[in-house]
Amino acid sequence: MLRAARLARRGFTLVEIMIVVLIIGILLGIAVPSWMKIRQTTRIKACHENLRLVDNAKQQWAMDQGKEATDVADSTELAPEYIKEFPTCPEGGVYTIGPHSTPSSCSIHGQVP
Ligand SMILES: [Zn+2]
């Protein structure tokens, strides 16, 4: 009983705290880079999904309006009639709509692969 009370009062030694901090550091060193990679991949996928929506809206616009392959749609012509709201790149890239015969692209993430 006396021994247990003495141990409970003692708390952690410096070495024990250093080992815990080291383990937490190792876990963060593993988790943070993979989390950053997942975050980047998600943003690229979201951007390419936006470009697919823009391309679909562009095709619909061209069909409805009877446009030529070289005609370029403006974002105000596509939204809100063919796309509810013109999307923006999650990382702030600028979308180039281009003629409806070519795929749209992002200044950061390029075209949909
Ligand atoms: Zn983008």
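This passage describes the fold of a predicted model of one protein chain, moving from its overall form to selected residues.

The chain contains three helices and three strands, and these elements follow one another along the sequence in the pattern α-α-α-β-β-β. For its 113 residues the globule rule gives 13 Å, whereas the radius of gyration is 27 Å, well over that value, so the chain is more spread out than a compact globule. The box filled by the C-alpha atoms tells a related story: along the principal axes its sides are roughly 90 × 20 × 15 Å.

Burial and surface can be taken together. Of the 113 residues, 23% count as buried. The accessible surface comes to about 8,400 Å², and carbon and sulfur atoms make up 64% of that area. Among contacts with a separation of 6 or more, 58% are between residues 24 or more positions apart. Charge is also worth a brief look: the chain has 12 positive and 11 negative charges, and the mean positions of the two sets lie 28 Å apart.

Helix α2 deserves a paragraph of its own. This helix runs over residues 14–65, a stretch of 52 residues. At 1.5 Å a residue it should span 76 Å, and the 75 Å between its end C-alpha atoms agrees with that expectation. Just before the helix, T13 sits in the loop between α1 (2–10) and α2. With a relative accessibility of 31%, T13 counts as partly exposed, since that value falls between the 20% and 50% cut-offs. A pair of C-alpha atoms illustrates the reach of this part of the chain: T13 and M63 are 50 residues apart along the sequence and separated by 74 Å. After the helix comes G66, which has a positive phi, near 65°.

Which residues of α2 are buried? They are C47, H48, N50, L51, V54, D55, A57, K58, W61 and A62. The cover over these buried residues includes α3 (75–78) and parts of the three strands, namely β1 (95–96), β2 (105–106) and β3 (110–111). R43 is also found in α2, but its relative accessible area of 29% makes this residue partly exposed. Beyond its neighbours within four places in sequence, R43 is in contact with P90 and E91. The C-alpha atoms of R43 and E91 are 7.2 Å apart, although 48 residues separate the two in sequence.

The packing against α2 can be followed through two residues further along the chain. A73 is placed in the loop between α2 and α3, and a relative accessibility of 5% puts A73 in the buried class. Leaving out residues up to four places away in sequence, A73 touches K58, W61, L78, I97 and G98. For one of these partners, G98, the C-alpha to C-alpha distance from A73 is 7.1 Å across a sequence gap of 25 residues.

L78, in helix α3, is buried with a relative accessible area of 0%. Its contacts, again not counting residues up to four places away, are V54, A57, K58, W61, A73, I83, F86 and I97. V54, A57, K58 and W61 are among the buried residues of α2. Not everything distant in sequence comes together around L78, however: H109 lies 31 residues away along the chain, and the C-alpha atoms of L78 and H109 are 21 Å apart.

Two further loop positions complete the picture. The peptide bond joining A79 and P80 is cis, with omega about 0°, and P80 belongs to the loop between α3 and β1. H100, for its part, lies in the loop between β1 and β2. Is H100 buried or exposed? At 14% relative accessibility, H100 counts as buried, because the cut-off for that class is under 20%. Setting aside residues up to four places away in sequence, H100 touches K58, Q59, A62, K67, E68, A69 and D71. K58 thus appears among the contacts of H100, of A73 and of L78.

Note on methods. Residues numbered from 1 in each chain as written. Predicted model: local features only at pLDDT ≥ 70, side-chain atom pairs only at ≥ 80, totals over all residues. Heavy atoms only, no water. Helix = DSSP H or I, 4+ residues; strand = E, 2+ residues; numbered from the N terminus. Rg over C-alpha atoms; globule rule 2.2 N^0.38 Å. Buried < 20%, exposed > 50% of the residue type's maximum accessible area, 1.4 Å probe, protein only. Contact = heavy atoms within 4.5 Å. Areas by Shrake-Rupley, 256 points an atom, 1.4 Å probe, with all protein chains shown as cover. Lys, Arg positive; Asp, Glu negative; His and termini not counted. Charge placed at Lys NZ, Arg CZ, Asp CG, Glu CD. Expected span 1.5 Å × (residues − 1).
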